[in-house]
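Some points on helix packing, burial and aromatic contacts follow, for reading alongside the coordinates.

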Amino acid sequence: MPDQARVNRIFLPETYAEGVPYALHRELREAAPVWWVEEPAVGPWPAGPGYWAVLRHADVKHVLRTPEVFSSHLGATQIRDPDTAADLEFVRAMMLNQDPPDHSRLRRIVAAAFTPRAVRELTEGIERRARLLVAEVRPRGRADFVPLAADLPVWTLAHIMGVPEQDRGLLYAWASRVIGYQDTEYAGLAATDPAALSDLGRAALAHRPTAVATGDGRPVNPRSRAALADMFAYAHGLAEHPRPGSILARMREGGLTREEFENMFFLFAVAGNETLRNGVPGGLLTLLEHPEQYRLLCERSELTGSAVEEMLRYWPPVMDFRRTATRDVELGGRRIRGGDKVVVYHASANRDGTVFPEPDRFDVTRTPNDHVSFGHGPHFCLGAQLARVQMRALLGEVVRGLPGLRVAGAPVRMVSNFQNGLKHLPIGWG
């Protein structure tokens, strides 16, 4: 039976610098479905109260589809608790951190941007952008695939949100700053050249906070309202004259409160960005690490759809999400108290051998593929179909347009216990 120190490894960000601990997930799943995990202090970040880790596919889906028992709203959806009651109250206004019926109301306001018709209308532009990105790098013979891949979700989100072309880099910078707080290099990608921005963008930068610690010496939470003052200043400025039909126009028409509007902008600018920014490079690395599957996809382009699903299963962009128990409940033989944190591990569920035959085998022909990388239940990712379109477009262009593709240097992982990302992926071709 694993000891507590070994169990705690699934929380420690340093564990993920070497990769997702799938072997440890398997060891824990086979011993018990639910485990207590301690939250020791990490660098300047204080220790937390601990949480229940849910590792099996069936239990993960159960938690995600039962918001009346496992709430997104009570403590929000990050493992780490918000620093103050005010921070918690603010992030509770985010759609991601709501339970029905409030979650359903917010979801309806922006759902029109992700209908099958709306996604079809975006597809041609996405495919055109993917072709351009590949064509631009083709003569070089090598590239770092991570920034190349990051361009497509930023371009897509800017189009959806009505962000001017010269300000697209701000979306990239904000996401880097928020997601990379456990990795100083990743967070440092937030540098932005003010001269390249619009007047609105430059004005927003003046609101960027400079403090890195609170009055009592704790680090500033990068997800807090204070830490994102520049992003919210930009959001309000952009919303004064939104492009007709854009997400921002729908937000204004939907009667959102100030807090709901700011959190919705955050959700699109950061969450909608990072999923693809992590998933596409991770998917390509997985493909290149399995040359027989790469050759099969080169020969049979009709497998691109199933290949993308297998990439999402094998390299889930988001590894875990937190819920909070609303009452005492039993799960996986454990007695969970009301108020306890409950963290579902998508990465573990996606390798559950009771659901996926030979779960550690990467197979671009795998079907069915009941992965939970886009979640499950009422919080199933609203942009899942749009994400799939982007992944199919860019990976398809890369496979077709860069023949003889190979890994040309050591990939470098992001240090995070939440996002499954790469900072660098050197590739070569020809």
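How many aromatic pairs does a search of the whole structure find? The search finds nine. The model is a predicted one, and the points below should be read with that in mind.

1. One of the aromatic pairs is formed by Phe90 and Phe232, in an edge-to-face arrangement with 5.7 Å centre to centre and 75° between the planes. Phe90 belongs to helix H4 (residues 85-91) and Phe232 to helix H11, so this pair ties together parts that are 142 residues apart in sequence. Phe90 and Phe232 are both buried.

2. Phe114 and Phe268 make a stacked pair, with centres 5.9 Å apart and planes at 5°. This pair also links distant parts of the chain, 154 residues apart: Phe114 sits in the loop between helix H5 (102-111) and helix H6 (116-137), while Phe268 is in helix H13. Phe114 has 13% relative accessibility and Phe268 7%; each counts as buried because the cut-off is under 20%.

3. An aromatic cluster is made up of Trp174, Tyr234 and Phe265. Two of these residues, Trp174 in H8 and Tyr234 in H11, also take part in the contact between those helices, where Leu170, Trp174 and Arg177 meet Asp230, Met231 and Tyr234. By class, this contact has four nonpolar and two charged residues, with no polar ones.

4. The geometry of that helix pair is as follows. The axes of H8 (residues 168-179) and H11 (residues 229-239) come within 11 Å and cross at roughly 145°. The crossing is left-handed.

5. Helix H15 (residues 304-314) is largely enclosed by the rest of the structure, because nine of its eleven residues are buried. Charged side chains appear in the buried set, including Glu309, Glu310 and Arg313. The cover over the buried residues of H15 includes helices H2 (22-31), H13 (258-288), H14 (291-299) and H17 (384-401).

6. Helix H3 (residues 57-64) is also largely enclosed, since six of its eight residues are buried. Those residues are His57, Asp59, Val60, Lys61, Val63 and Leu64. They pack against strands E2 (48-54), E3 (70-71), E5 (320-325), E6 (329-331) and E8 (341-345), and against helix H16 (346-349).

7. The structure holds zero disulfides. On the cysteines, Cys298 is partly exposed at 39% relative accessibility, and Cys381 is partly exposed at 28%.

Terms used
Residues are numbered from 1 along each chain as its sequence is written. This is a predicted model: local features need pLDDT of at least 70, side-chain atom pairs count only at pLDDT 80 or more; totals for chains, interfaces and linings use all residues. Side-chain values use heavy atoms; hydrogens and water are left out. A disulfide is a pair of cysteine sulfur atoms within 2.5 Å. Buried means under 20% relative accessible area, exposed over 50%, partly exposed in between (1.4 Å probe, protein chains only). Axes are lines fitted to C-alpha atoms, for helices over the stretch in contact, and angles run from 0 to 180 degrees between N-to-C directions. Helices (H or I, at least four residues) and strands (E, at least two) are DSSP runs, numbered from the N terminus. A crossing is left-handed if the near helix is turned anticlockwise from the far one by less than a right angle, and right-handed if clockwise. Contact means heavy atoms within 4.5 Å. Rings of Phe, Tyr and Trp (its six-membered ring) pair if their centres lie within 6.5 Å; planes under 30 degrees apart count as stacked, over 60 as edge-to-face and the rest as tilted.
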